[in-house]
Amino acid sequence: MFYREAGDFKTSYQDDAQTFPIKFDRYRYYAVIAVGLLVIPFAINDYWANAVLVPFLIWAIAAIGLNILTGYCGQVSLGTGGFMAVGAYACYKLMTAFPELNIVFVVILAGFVTAGVGVLFGLPSLRIKGFYLAVATLAAQFFLVWLFNRVPWFYNYSASGQISAPERTVFGVPVTGPETSAWAQYMICLLFVVVLAWAARNLTRGTIGRSWMAIRDMDIAAEIIGVNPLRAKLSAFAVSSFFVGIAGALFFAVYLGAVEVGEAFGIQKSFLALFMIIIGGLGSIFGSFAGAAFMVLLPVLLKNVLVGGLGWPTDLAAHLELLIVGGLIVFFLIAEPHGLAALWRTVKEKLRLWPFPH
Amino acid sequence: MNFKKLAAAALAATIAAGPAMAELVFPSLSYRTGPYAAGGIPFADGYEDYMTLLNERDGGIGGVKISVPECETAYNTEKGVECYESTKGLGSLVYQPLSTGITYQLIPKVSADEIPLHTMGYGRTSAANGEVFEWVFNYPANYWDGASVAITHLLDINDGDISGKKIALVFHNSAYGKEPIRTLEKLSEKHGYELTTLAVDHPGQEQKSQWLQIRRERPDYVIMWGWGVMNQVAVQEAANIRFPMENFIGNWWAGSENDVIPAGEAAHGYKALAMHGTGMDYPIYEDIQQYVVDAGLAAGAGDQVGTVLYSRGLYAAMLAAEAARTAQEIHGTAEITPAMMRDGMENLKITEERMAELGLPDFGPAFEVSCVNHGGPGEAMVQQWDAEAQEWNLITDFIKSDDDVIEPLIEADSTAYAEENALDLRCQ
């Protein structure tokens with residue numbers, strides 16, 4: 001009834017090609033942005049920021065990044081954790097080397113550094129595909145973690161090998177370091193998410209995104225019709241790593257504040273990001289958000305329900321949490337192999353007809 | 001979230017019921033799951049049981065009941081942060097995360113939130129300098145003390161000369177494991193031994209290559225900075241290459257029953273540092289049996305009573321409770337705030353008489369904390385595993401660490417921290 005194209009007249013190609021062609025969707029999108037920008041910053045507290053929203057936003061960036069590479073361009077990557085580490089360490093080195101530089105630029109520069117490293121590790125993708133490429137990116141994961149553990153220059157020769165973020169401000173408001181208030185942490189992440197998601201959406205529906213999808217769907221055919229695989233694959237690695245690097249930089253500087261590479265950016269982080277896009281939906285920006293929400297929020301929710309709500313022992317709850325999250329992943333993949341995004345698409349189809357289905 | 005609402009409701013209820021019902025909150029950031037659970041469970045049980053004992057026997061501390069909200073971290077820094085954020089609103093008096101990684105996360109946070117952090121024998125070593133770290137304490141001993149004590153023990157059994165000896169350090173490749181390296185390097189300059197370092201990656205189940213290297217290089221002694229499942233594997237691997245166990249010394253986190261029992265007979269003679277006594281020969285265990293175990297109030301499965309890490313949890317709880325008592329005396333109020341708790345920790349005096357009164361005679365060293373010194377005396381003993389009797393025997397008295405080496409290191413590291421964070425020195 002409300003969710004329909006009928007009556008929403010488009011008079012230009014631009015209108016016709018917009019991201020949200022249905023009026024209801026468009027307003028919902030504006031409403032979400034408005035709530036995110038105007039309501040949550042005033043209602044947020046330390047717990048919601050540190051345990052729920054900030055990790056969700058940062059993982060959403062990482063998931064979008066991986067989705068560009070895996071979902072749109074079809075190159076499987078298990079190196080996300082390693083690339084996040086590159087972002088984090090680049091951020092740390094830039095923060096300590098140029099204390100005057102604004103943190104926003106530091107994070108963006110960290111993204112570019114990661115993009116460079118990503119292109120380097122993307123080179124094998126020109127010769128190998130599928131599982132073989134996954135193994136090559138796995139090597140990147142282990143190599144990068146080993147590198148940051150092994151070379152003291154990366155952690156400024158600190159005794160413990162930890163890196164910790166000094167305080168940096170944006171317009172006089174601290175966004176990293178211990179004095180950061182919850183809303184500032186949240187806002188800096190949200191701004192990055194909004195800009196990056198917008199950029200990703202527009203990249204993926206333009207020339208470059210189409211060349212990625214052509215490569216994904218059949219690389220030989222793509223090459224024959226004139227898509228340059230070198231440019232398409234390496235640009236996918238660069239853009240993807242840029243996103244992942246920014247996620248890593250924010251993860252270190254804004255969210256955790258102190259990081260130890262083996263633990264914060266280990267192989268399990270690569271798997272986490274991969275689970276996010278598989279559960280959320282490959283080749284979908286919304287799917288990246290849905291997957292990040294599923295993997296970040298569900299454990300916290302379960303923990304609060306089981307321990308806080310039902311008062312169960314913490315170890316039992318922790319084990320059950322693994323069981324339930326694992327079970328739900330399997331369930332979702334059986335019920336909807338194309339992820340939450342596909343589920344959302346089905347819901348939208350149904351909504352169009354509601355309440356008068358055929 | 002639900003937990004917060006519930007906690008807020010509980011807090012509101014206690015406030016509504018009158019000041020007599022107020023509680024002293026000692027959150028327990030424990031880990032009963034994951035590869036480090038073997039160490040996390042007994043510590044958490046000991047911590048909670050001591051607090052339960054105070055509640056049941058004495059009605060809390062200074063007449064105020066204690067509550068120990070537990071939060072599972074799985075030794076994971078992100079979960080640790082979540083736990084900290086979810087419990088700090090409860091009026092938490094002191095945090096003891098039992099994880100060096102989580103400690104590094106929490107140091108800036110507690111300093112901003114003004115809640116004390118006590119990292120007993122772990123965490124950031126240079127926090128011993130109270131001039132820089134106002135809210136962080138690591139008495140009675142820290143990693144660098146541990147490294148120095150191990151070397152001093154080796155000096156003792158070698159008649160004071162270990163020059164030319166080869167010593168290998170097998171360490172957990174994390175902030176925790178890297179801590180002693182700098183001290184051991186300094187000490188090697190002083191005593192002339194040759195140091196090799198061998199990193200073991202998390203979680204530490206795979207150590208074949210490290211022990212192969214030890215087999216090839218034949219170091220005279222192996223020192224280990226391990227935790228969790230890594231310890232058992234290391235002891236087993238050492239047994240496999242027939243490394244003489246009495247030349248293998250673990251630090252105090254690599255010296256519990258869990259670490260040696262899996263290797264069976266082969267672990268006989270394995271040495272480890274100990275920062276406190278262990279075993280059931282202390283009068284306090286009668287009270288624990290009566291008020292906690294028999295009353296069905298024991299934490300966890302209740303099967304850890306008397307183990308090394310249970311004793312450590314007990315010790316941590318005892319020091320926290322004594323600090324709270326000190327704070328109550330200083331401020332003349334039973335309901336202390338985290339800031340008052342900090343004063344209590346800074347003025348803590350543990351005497352031998354007090355430990356005897358508490359039912360733990362000669363359990364740990366007698367020491368005093370001061371504004372400048374947050375690190376305590378830095379003493380530790382050496383214990384040795386007897387595989388037949390299945391018990392740890394203390395083979396030395398408390399050994400003092402080498403302050404000539406450690407003091408300058410602490411000074412340098414804490415000064416660097418103060419400069420990075422633009423802190424003014426306290427206690428001037």
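Reader: Leaving aside its neighbours within four places in sequence, which residues is B:Pro108 in contact with?

Author: In this predicted model, B:Pro108 is in contact with A:Gly177, A:Pro178 and A:Gly257, once its neighbours within four places in sequence are left aside. The place of B:Pro108 is in helix H4 of chain B, and its partners in that list carry the letter of chain A.

Reader: Is B:Pro108 buried or exposed, and why?

Author: The idea is to count the C-beta atoms around a residue, and to call the residue buried if 20 or more others lie within 10 Å of its own. B:Pro108 has 21 C-beta neighbours inside 10 Å, and therefore counts as buried. A residue may also have a partner in space that is remote in sequence: B:Asn421 is 313 residues away from B:Pro108 along the chain, and their C-alpha atoms are separated by 9.6 Å.

Reader: How many residues does each chain bring to the contact between chain A and chain B?

Author: An interface can be described in several ways, and its size is often given as the accessible area lost when the parts come together. Here we can count residues instead, and the contact takes 32 from chain A and 35 from chain B. On the side of chain A that touches chain B, the elements that give two or more residues are helix H3 (46-72), helix H11 (261-264), helix H13 (285-309) and helix H14 (314-335) of chain A. H13(A) gives the most to this side, with 6 residues, and the residues of the side divide into 13 nonpolar, 14 polar and 5 charged.

Reader: What scores does the model have, and where in chain B is the pLDDT below 50?

Author: Scores for the model and for a chain can be read together with those for a stretch of residues. The model scores ipTM 0.87 and pTM 0.90, while chain B has a mean pLDDT of 90, with 95% of its residues reaching 70 or more. Over residues 6-20 of chain B, however, the pLDDT is below 50, and this stretch has 8 contacts in the model beyond near neighbours in sequence.

Reader: Which domains does the assignment give for chain B, and how many residues of each are in contact with the other?

Author: A domain may be written as several segments of one chain, as in the assignment of chain B, which gives domain 1 (2-142 + 280-377 + 409-420) and domain 2 (143-277 + 380-407). Their C-alpha centres lie 27 Å apart, and 26 residues of domain 1 of chain B are in contact with 30 residues of domain 2 of chain B. H11(B) gives the most to the side of domain 1 that touches domain 2, with 5 residues, and that side divides into 14 nonpolar, 9 polar and 3 charged residues.

Reader: How far apart are the end C-alpha atoms of helix H11 of chain B, and how many of its residues are buried?

Author: A helix can be checked by comparing its expected span with the distance between its ends. At 1.5 Å a residue, the 24 residues of helix H11 (residues 308-331) of chain B should span 34 Å, and the end C-alpha atoms are 35 Å apart, which agrees. In H11(B), 19 of the 24 residues are buried, so this helix is largely enclosed by the rest of the structure. Just after H11(B), B:Gly332 takes a positive phi of about 65 degrees.

Reader: Which residues touch the most other members of the largest nonpolar core?

Author: Among the 242 residues of this core, those that touch the most other members are A:Ile58, A:Ile61, A:Ala88, A:Cys91, A:Ile246 and A:Leu250. H3(A) gives the most to the core, with 18 residues. Domain 1 and domain 2 of chain B both give residues to the core too, so the core lies between them. As for A:Ala88, its contacts outside the four nearest places in sequence are A:Gly248, A:Ala249, A:Phe251, A:Phe252, A:Val259 and A:Phe265.

Technical notes
Residues are numbered from 1 along each chain as its sequence is written. Chains are lettered from A and ligands numbered from 1 in the order in which they are written. This is a predicted model: local features need pLDDT of at least 70, side-chain atom pairs count only at pLDDT 80 or more; totals for chains, interfaces and linings use all residues. Two residues are in contact if their C-beta atoms, placed from the backbone, lie within 7 Å. Helices (H or I, at least four residues) and strands (E, at least two) are DSSP runs, numbered from the N terminus. Ala, Val, Leu, Ile, Met, Phe, Trp, Tyr, Cys and Pro count as nonpolar, Asp, Glu, Lys and Arg as charged, and the others, Gly among them, as polar. pLDDT is the predictor's confidence in each residue, from 0 to 100. The expected span of a helix is 1.5 Å times one less than its number of residues. A residue is buried if 20 or more other C-beta atoms lie within 10 Å of its own, exposed if 12 or fewer, and partly exposed in between; C-beta atoms are placed from the backbone. Domain bounds come from an automatic or database domain assignment. A nonpolar core is a set of buried Ala, Val, Leu, Ile, Met, Phe, Trp, Tyr and Cys residues joined through C-beta atoms within 7 Å.
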